[in-house]
Amino acid sequence: LARPYPRAIAGLPLYWSFDEATRRWCFGYRAHRAAVDTETVPTANALRTEIAVPPLRYPRGYKLRVSAATVVSAANASIIELEADPDCKVEIELTPD
């Protein structure tokens with residue numbers, strides 16, 4: 001099965017759903033800073049979430065709607081990278097283009 005999924009979550013997952021018919025994927029999480037060794041992990045990456053997006057599922061690209069986070073990856077990237085402030089409720093919606 002080729003579906004979007006969170007590859008790394010900088011926080012606590014709240015919900016996750018995928019509609020097979022429409023290929024709409026929704027995900028929400030509460031962002032929080034993990035305890036990291038800042039000598040090996042850059043501080044900027046401490047609140048970075050990564051979403052894997054399979055090109056087979058979205059061959060013509062996708063539309064992305066995000067609240068309470070900044071998308072730092074390129075448009076239609078196969079890995080969506082998000083950065084959020086601590087204690088924000090981040091919501092993501094992904095649909096076919």
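A colleague and a modeller talk through how the labels on this predicted model are justified.

Colleague: What should I know before reading the labels?

Modeller: The model is predicted, so local features need pLDDT of at least 70 and side-chain atom pairs count only at pLDDT 80 or more, while totals for chains, interfaces and linings use all residues. Residues are numbered from 1 along each chain as its sequence is written, and side-chain values use heavy atoms, with hydrogens and water left out.

Colleague: What makes E2 and E3 a pair?

Modeller: Strands are DSSP runs of at least two residues, labelled E and numbered from the N terminus; helices are H or I runs of at least four. Two strands pair if DSSP finds at least two bridges between them. E2 (residues 11-19) and E3 have eight bridges, in the antiparallel sense. Therefore they meet the rule for a pair. Tyr 15 shows one such match: its bridge partner in E3 is Gly 28.

Colleague: What lies between E2 and E3 in the hairpin?

Modeller: Four residues separate the two strands. Arg 23 sits in that turn, with a positive phi of about 60 degrees.

Colleague: How do you know that E8 belongs beside E3 and E5?

Modeller: Count the bridges. E3 and E8 (residues 89-96) are joined by six, running antiparallel. Arg 30, for instance, has Lys 89 as its bridge partner in E8. E5 and E8 are also antiparallel, with six bridges. There, Ser 67 stands opposite Glu 91 in E8.

Colleague: Why is the sheet called open?

Modeller: Its four strands run in the order E2-E3-E8-E5, with antiparallel pairing. E2 and E5 are at the edges with a single partner strand each, so one side of each has no neighbour in the sheet. From one strand to the next, the twist averages 10 degrees. Those angles lie between N-to-C directions, from 0 to 180 degrees, with axes fitted to C-alpha atoms (for helices, over the stretch in contact).

Colleague: Why is E3 called mostly covered?

Modeller: Buried means under 20% relative accessible area, exposed over 50%, and partly exposed in between (1.4 Å probe, protein chains only). In E3 (residues 24-31), six of the eight residues are buried.

Colleague: What makes Glu 20 and Arg 3 a salt bridge?

Modeller: The label needs a side-chain nitrogen of Lys or Arg within 4 Å of a carboxyl oxygen of Asp or Glu. Here the closest N and O atoms are 2.9 Å apart. That is within the cut-off, so the label holds. The two residues come from distant parts of the chain, 17 residues apart: Glu 20 from the loop between E2 and E3, Arg 3 from the segment before strand E1 (5-8). Glu 20, at 42%, is partly exposed. Arg 3 is also partly exposed, at 33%.

Colleague: Which residues form a network of salt bridges with Glu 20?

Modeller: Arg 3 and Arg 57 are linked with Glu 20. The Glu 20 to Arg 57 salt bridge has an N to O distance of 2.7 Å. Arg 57 lies in the loop between strand E4 (48-52) and strand E5 (62-67), so the pair ties together parts 37 residues apart in sequence. At 13%, Arg 57 counts as buried. In total, the structure holds eight salt bridges.

Colleague: How do you know that Glu 93 and Arg 65 qualify as a salt bridge?

Modeller: Their closest N and O atoms are 3.5 Å apart. The limit is 4 Å, so the pair passes. Glu 93 belongs to strand E8 and Arg 65 to strand E5, 28 residues apart. Glu 93 is buried at 14%. Arg 65 is exposed at 56%.

Colleague: What makes Arg 7 a contact partner of Ile 79?

Modeller: Contact means heavy atoms within 4.5 Å. Leaving out residues up to four places away in sequence, Arg 7 touches Glu 50, Ile 51, Ala 52 and Ile 79. Arg 7 and Ile 79 are 72 residues apart along the chain, with C-alpha atoms separated by 8.6 Å. Arg 7 is in strand E1. At 47%, Arg 7 falls between the two accessibility limits, so it counts as partly exposed.

Colleague: Why is Tyr 15 called partly exposed?

Modeller: Tyr 15 is in strand E2. Its relative accessibility is 33%, between the limits for buried and exposed, so partly exposed is the right label.
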